[in-house]
Structures are given as structure tokens and as C-alpha cells.
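Me: I have a structure to go through and I'm new to it. Can you take some short questions?

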Amino acid sequence: MEKQARIEDLHTNDRALIDAYSGKNVVAISPIVVRALHSNAGAALFISQLIYESKVHADEEGWFYCVQADLYEHTGLAPDSQLKYRKQLCKMGILEEKLAGIPAKVYYRINFARYADMLKSAYEKHEAEFYRRKPAKKA
């Protein structure tokens, strides 16, 4: 296969494919979120989607549900990965879960105060490391 240096050099169908999956329906994740979650990009992707779902669907107490199939559709995370990240986020104190309804569904609630604390800590740590690494300007 011939290497292409620029997207403009690709066949029209290949460009359309890249455009379709690299700009629309994309969940963007800040590097600070990944750092706050101990360099766990999967958990960052998962919580980012849950934050969106919370903004759209949460009740007055903050609870909402989202089925695995929808989470898979929006994130590409398989059910076993979703379960792994759910457990990790619960252990970090960012996510709460409960079973409710008939048939039972998993409801989520995000502890936004805990999440904000973790983000602030990651941001401050990043800023301190950045300025410690940055060489001083010569006069």
C-alpha cells in the first residue's frame, strides 16, 4: 500500500471515510481528564459520555440511566470495558450506581464535586510540572 503524506492525496472515498469518523459524533477528551483519572483514557471516555447523558437525562437528584447498547454506540466501549470503567469510577468516588425499576436498570449519578476536585488537582500538578520543565528565557 502506498503511503499518503497528505489527506488531499487520498482517494475521495478514503477522505470521506476519515471525515465521517474523525469530526462528527466524536467524544473529545481533555488530557487533564485523562491525567485526573490516573492516565486512564478509557475511563475518561466513559465519564465524558456519562456527563453528557447526565446533562440531558438526569432527574432532580442527579440520577439517570443509559443502557449498555447506547453507551457502546456513543463510545465504542464493549460491555465488559464499560463494567471495568464503572467499577474504577465508583472506586474513585466519581460515579454512584443503583438498580431501580422493573425490569431493573442501572442508574448512575456523578459526584461532580469529587470530579471537580480531581480535575483541579490534575490541572495544578500539570501546571507545576510544565513550569518546572520549561527552560528559563535568556536575558
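Reply: What follows is a short chat about one residue and one sheet. This is a predicted model, where local features need pLDDT of at least 70, side-chain atom pairs count only at pLDDT 80 or more, and totals for chains, interfaces and linings use all residues. Residues are numbered from 1 along each chain as its sequence is written, and side-chain values use heavy atoms, with hydrogens and water left out.

Me: Where is Glu53 found?

Reply: Glu53 sits in helix α3, residues 41-57. Helices here are DSSP runs of H or I with at least four residues, strands are runs of E with at least two, and both are numbered from the N terminus.

Me: Is Glu53 buried or exposed?

Reply: Glu53 is buried, meaning under 20% relative accessible area with a 1.4 Å probe, protein chains only.

Me: Which side chain of opposite charge is nearest, then?

Reply: Lys55, 12 Å away, and Glu53 has no salt bridge. A salt bridge needs a side-chain nitrogen of Lys or Arg within 4 Å of a carboxyl oxygen of Asp or Glu.

Me: What does Glu53 touch?

Reply: Not counting residues up to four places away in sequence, Glu53 touches Ala58, Phe64, Cys66 and His74; contact means heavy atoms within 4.5 Å.

Me: Changing topic: what is the order of the strands in the sheet?

Reply: The open sheet has three strands in the order β1-β3-β2, with antiparallel pairing. The edge strands are β1 (64-65) and β2 (95-100).

Me: How many bridges join β1 to β3?

Reply: Two; strands pair if DSSP finds at least two bridges between them. Tyr65 has Tyr107 in β3 as its bridge partner.

How values were computed: Buried means under 20% relative accessible area, exposed over 50%, partly exposed in between (1.4 Å probe, protein chains only). Lys and Arg count as positive and Asp and Glu as negative; His and the chain ends are not counted.
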